[in-house]
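Q: I am new to this structure and would like to learn how to read its features one at a time. Could you show them to me with the general idea before each case?

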Amino acid sequence: MKLLIQGNNITVTEAIHDYVQQKLEKAVKHFQTLTTKVDVHLSVAKNARIQNKHKAEVTVYANGTVIRAQEGSENLYASIDLVSDKIARQLRKYKERKLEQNAHSPVKAGEVVQQETIEENLIGDRQPELPPEVVRMKYFGMPPMSIDEALEQLQLVDHDFFMFRNRDTNEINVIYIRNHGGFGVIQPRPTNNNGHQSS
């Protein structure tokens, strides 16, 4: 298991590193065959008015699936304990689903993915620049999936939404947890050449 630990407004000491490693190795020990990489992000909020300012966020990469959990408390070690327990529960749930799916589905032959060549110079004569205020940017692959598969992913990432490429339409969709219960899906409405919605 590859483990990467980063800190924001906190120095990751050897004691902290060892504690995180010990807790996460214990949390993922029954899922070693699934887990390829674990990213840990520890942070402390500087604002005194923020409760639970010690946050621990863990992202586990398991056979192409991203499983994520985050917890916060008034103590960094308590946050690490809480997030380790949570990620272990999510990994257990993921493994149970996979076993259930494998028991009900026939064995599939491997899919052939066509390779595309990428231009060497993607920027051209433009100057790369970031928007004025970037809080945090994330990039991730979006293999096509069904709405049911996206719902499974949503339940594994510890967010209230999940963005995915819809297998049926090949468009970007967002599945989210509704405030009053249940789930919703946001899909783009087709537009005409003028950029107006089609009727």
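A: Let us begin with surface patches, which are made of residues with over 30% relative accessible area and no salt bridge, where like charges are joined within 9 Å and nonpolar side chains (Val, Leu, Ile, Met, Phe, Trp, Tyr) within 5 Å. A salt bridge here is a side-chain nitrogen of Lys or Arg within 4 Å of a carboxyl oxygen of Asp or Glu, and accessible areas come from the Shrake-Rupley method with a 1.4 Å probe, with only the protein chains shown counting as cover for residues. This is a predicted model, in which local features need pLDDT of at least 70 and side-chain atom pairs count only at pLDDT 80 or more, while totals for chains, interfaces and linings use all residues. Residues are numbered from 1 along each chain as its sequence is written, and side-chain values use heavy atoms, with hydrogens and water left out.

Q: Which residues make the nonpolar surface patch?
A: Phe140, Met163 and Ile172 make a nonpolar patch of about 250 Å² on the surface.

Q: Where is Phe140 placed, and why does Phe140 count as partly exposed?
A: Helices (H or I, at least four residues) and strands (E, at least two) are DSSP runs, numbered from the N terminus. Phe140 is in the loop between helix H2 (76–104) and strand E5 (144–145). Buried means under 20% relative accessible area, exposed over 50%, and partly exposed in between (1.4 Å probe, protein chains only); Phe140 counts as partly exposed because its relative accessibility is 49%.

Q: Is Asp39 buried or exposed?
A: Asp39, in strand E2 (residues 35–44), is buried, with a relative accessible area of 18%.

Q: In what order do the strands of the open sheet lie?
A: In general, strands of a sheet pair through backbone hydrogen bonds, either parallel or antiparallel. Two strands are taken to pair if DSSP finds at least two bridges between them. Here 4 strands form an open sheet in the order E5-E6-E7-E8, with mixed pairing. Its edge strands, E5 and strand E8 (183–186), each pair on one side only.

Q: How many bridges join E6 to E7?
A: Strand E6 (residues 161–166) and strand E7 (residues 172–177) run antiparallel and are joined by 5 bridges. Among the partners, Phe162 is bridged to Ile175, and Arg165 to Ile172, a residue in E7. Ile175 also stands opposite Val185 in E8.

Q: Which residue takes a positive phi in the hairpin of E6 and E7?
A: Asn170 does, with a phi near 60°, in a hairpin that has 5 residues between the strands.
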